[in-house]
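Me: I want the reasoning behind a few labels. Please set each value against its cut-off.

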Amino acid sequence: MFLSLLLATLACQIDVGGPEPPGAPIPVQPTEAEQLQSNWRSALDNALETGQVNVVINEAQVTAFLAERLAEREQPLIRNPQAYLRNNQIQVFGVAERGILKANVLLTVTPEITEDGEISFELAEASVGPVPAPSALKSTISAVLTEAFTGSIGSLATGIRISSLAIQDGVMTIAGELR
């Protein structure tokens with residue numbers, strides 16, 4: 001009987017809990033990821049005429065973009081990502097699964113504009129399960145996020161100097177100018 005109980009326990013995942021999502025679930029629509037890239041293209045097309053770049057991105061678009069990128073990986077860092085754009089921060093909630101362990105993950109990211117007018121991301125807080133993530137993980141994730149933005153989306157923004165970035169009430173607004 002003990003062996004049966006042990007095998008049944010091992011067959012199940014152990015949910016260690018963790019942080020709660022910072023908002024209501026955001027539906028993932030694949031067309032939203034396409035809309036995100038379309039918004040960048042439109043902003044760049046307009047910039048060719050005016051010299052100014054203005055793009056508005058919402059939570060559904062960022063969530064869909066993250067879900068699409070993470071789905072491409074064999075073992076993504078998190079599953080079912082949700083991106084909340086609030087108070088000049090990006091909060092990414094998801095679920096991490098490794099072996100029999102399952103934990104909620106909450107990453108709080110602060111975007112920054114460098115002196116060169118480029119965007120970088122600083123991971124302000126990270127909780128995996130019931131404990132904060134170590135600082136080494138924070139710096140690694142910050143670097144990955146910055147690379148993802150400047151490589152995937154940012155490739156559409158080559159030649160732009162970002163002058164402002166604001167995140168509030170589910171929307172990220174980026175303004176800049178052609179170099």
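Me: What makes a side-chain oxygen of Asn58 a partner for the start of α3?
Reply: This is a predicted model. In it, a side-chain oxygen of Asn58 comes to within 3.0 Å of the backbone nitrogen of Ala60, at the start of α3. A polar contact needs N or O atoms within 3.5 Å, so the pair meets the distance cut-off.

Me: How do you know that the span of helix α3 agrees with the expected one?
Reply: α3 covers residues 59-71, which is 13 residues. At 1.5 Å a residue the helix should span 18 Å. Its end C-alpha atoms are 18 Å apart, so the two values agree.

Me: Why is α3 called mostly covered?
Reply: Buried means under 20% relative accessible area. In α3, 10 of the 13 residues are buried. Among them are Val62, Phe65, Leu66 and Leu70. Polar residues, including Glu59, Gln61 and Thr63, are buried too. Over the whole chain of 179 residues, 39% count as buried.

Me: Why is Ile100 called partly exposed?
Reply: The relative accessible area of Ile100 is 35%. Partly exposed lies between the 20% limit for buried and the 50% limit for exposed, so the label follows. Ile100 sits in the loop between β4 (89-98) and β5 (101-113).

Me: What makes Ile100 eligible for a surface patch?
Reply: A patch residue needs over 30% relative accessible area. Ile100 has 35%, so it passes that cut-off. Ile100 joins Ile14, Val16 and Leu101 in a nonpolar patch. Together they have about 290 Å² of accessible area.

Conventions:
Residues are numbered from 1 along each chain as its sequence is written. This is a predicted model: local features need pLDDT of at least 70, side-chain atom pairs count only at pLDDT 80 or more; totals for chains, interfaces and linings use all residues. Side-chain values use heavy atoms; hydrogens and water are left out. Patches are made of residues with over 30% relative accessible area and no salt bridge: like charges are joined within 9 Å, nonpolar side chains (Val, Leu, Ile, Met, Phe, Trp, Tyr) within 5 Å. Accessible areas come from the Shrake-Rupley method with a 1.4 Å probe; for residues, only the protein chains shown count as cover. A salt bridge is a side-chain nitrogen of Lys or Arg within 4 Å of a carboxyl oxygen of Asp or Glu. Helices (H or I, at least four residues) and strands (E, at least two) are DSSP runs, numbered from the N terminus. Buried means under 20% relative accessible area, exposed over 50%, partly exposed in between (1.4 Å probe, protein chains only). The expected span of a helix is 1.5 Å times one less than its number of residues. A polar contact is a pair of N or O atoms within 3.5 Å; within protein, one must be able to donate a hydrogen and the other to accept it, and residues adjacent in sequence count only if both atoms are side-chain atoms.
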